[in-house]
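Open your viewer, pick a cartoon style, and keep the selection box handy. We will go stop by stop, selecting a few residues at a time.

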Amino acid sequence: ADRDEKMRTDLMNREFSEISNALSVEYEIIYYINLKDESYDVFSQKGSYIKLNLLTTGQNFFQECVRDIKKIVYPQDMEKMYSTLKRENLLSKLADNKFFSMEYRLLVNGEPQYYRLKALLSNAVDNYVIIAVTNIHKEVIARQERERNMERNFDIINVLATEYSSVYYIDLETDSLTPYTMN
């Protein structure tokens, strides 16, 4: 019976390791936090998080976050990060749907880089939270560029609309027509 239990535990550990390795492809750092004593494990640390050279002791997660925010978070995002990573606030956000996500910026080599923090309550073990962080800089820059292009196009349409009695946008790929102004 003990041998079967050990085999099951070994299998679960291998599966857990395989899952965390698969997730570490997307995430630069993954924390597994015990809410009872605020101890934590780091399952993945790569990319900018290695360059940031954070001291991870495995103890006092929330205190270490406050310490590190001062060093690595872009100044305009510090207050948001302090607020989010207060134990009570994080648990409050997780209480509703057991999942929370936010975007923020880190200073990497003196330049702001966009990141997404995802936090979720563990389904398997009570009083544990998983926090994973991924670099989304390219995604955010591309989204901002699309928004700028849309604004520029809208400005052009508005100018045309003052000069012409009717302005239509025709999408040749979808064969659709959108009227902007019509007389």
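The tour below moves from a helix to strands, then to salt bridges and a surface patch. Keep in mind throughout that this is a predicted model.

**Stop 1: helix α3**

Select residues 61-72, which make up helix α3. A ruler check is a good warm-up: at 1.5 Å a residue, these 12 residues should span 16 Å, and the end C-alpha atoms are indeed 16 Å apart, so expectation and model agree.

Next, show side chains for F61, F62, E64, C65, D68, I69 and I72, the buried residues of α3. Where do they sit around the axis of α3? They cover an arc of only 145 degrees, which places them on the same side of the helix. The periodicity behind this kind of pattern is familiar: an α-helix has 3.6 residues a turn, so residues three or four places apart point the same way.

Now turn to the face of α3 that looks away from the buried side, and select Q63, K70 and K71, which are exposed there. Pause on Q63: its relative accessible area is 55%, and because the cut-off for exposed is over 50%, Q63 counts as exposed. Draw a distance from the C-alpha of Q63 to that of L85, and you should read 9.4 Å, for two residues 22 apart in sequence.

Before leaving α3, select E64, R67, D68 and K71 together; salt bridges link these four into a network. Two of its members, E64 and D68, are among the buried residues of the helix, whereas K71 is one of the exposed ones.

**Stop 2: the antiparallel strands**

Select 99-108 and 111-121, which are strands β3 and β4. This pair runs antiparallel over 10 bridges, and L107 stands opposite P112 in β4. Two residues lie between the strands in this hairpin, and N109 takes a positive phi near 55 degrees.

Add residues 128-135, strand β5, which pairs with β4 in the antiparallel sense over seven bridges. Two facing pairs are worth labelling: K118 opposite A132, and L120 with its bridge partner I130. Six residues lie between the strands of the β4 and β5 hairpin, where N127 has a positive phi near 65 degrees.

Now bring in residues 29-34, strand β1. Which strand does β1 pair with? Its partner is β5, in the antiparallel sense, over six bridges. N34 has Y128 of β5 as its bridge partner.

**Stop 3: salt bridges**

A search of the whole structure finds nine salt bridges. Let us visit some of them.

Select R105 and D77, whose side chains meet at 2.9 Å, N to O. R105 belongs to strand β3 and D77 to the loop between α3 and α4, so this pair ties together parts that are 28 residues apart in sequence. Are R105 and D77 buried or exposed? Both are buried.

Move to R143 and E103, a salt bridge in which the closest N and O atoms are 3.0 Å apart. R143 lies in helix α6, residues 137-163, while E103 lies in strand β3, so this contact connects parts 40 residues apart in sequence. Colour the two by accessibility: R143 is partly exposed at 27% relative accessible area, and E103 is partly exposed at 26%.

Stay on α6 and select E145 and R148, whose side chains form a salt bridge of 2.8 Å, N to O. Both residues sit in α6, three residues apart, about one turn of the helix. E145 is partly exposed at 35% relative accessible area, and R148 is partly exposed at 43%.

**Stop 4: a nonpolar surface patch**

For the last stop, switch on a surface and select Y168, I170, L172 and L177. These residues form a nonpolar patch on the surface, with about 450 Å² of accessible area together. Y168 lies in strand β6, residues 167-171. With a relative accessibility of 41%, Y168 counts as partly exposed.

Note on methods: Residues numbered from 1 in each chain as written. Predicted model: local features only at pLDDT ≥ 70, side-chain atom pairs only at ≥ 80, totals over all residues. Heavy atoms only, no water. Helix = DSSP H or I, 4+ residues; strand = E, 2+ residues; numbered from the N terminus. Expected span 1.5 Å × (residues − 1). Buried < 20%, exposed > 50% of the residue type's maximum accessible area, 1.4 Å probe, protein only. Arc of directions from axis to C-beta. Patch = residues over 30% accessible without salt bridge, like charges linked within 9 Å, V, L, I, M, F, W, Y side chains within 5 Å. Areas by Shrake-Rupley, 256 points an atom, 1.4 Å probe, with all protein chains shown as cover. Pairing = 2+ DSSP bridges.
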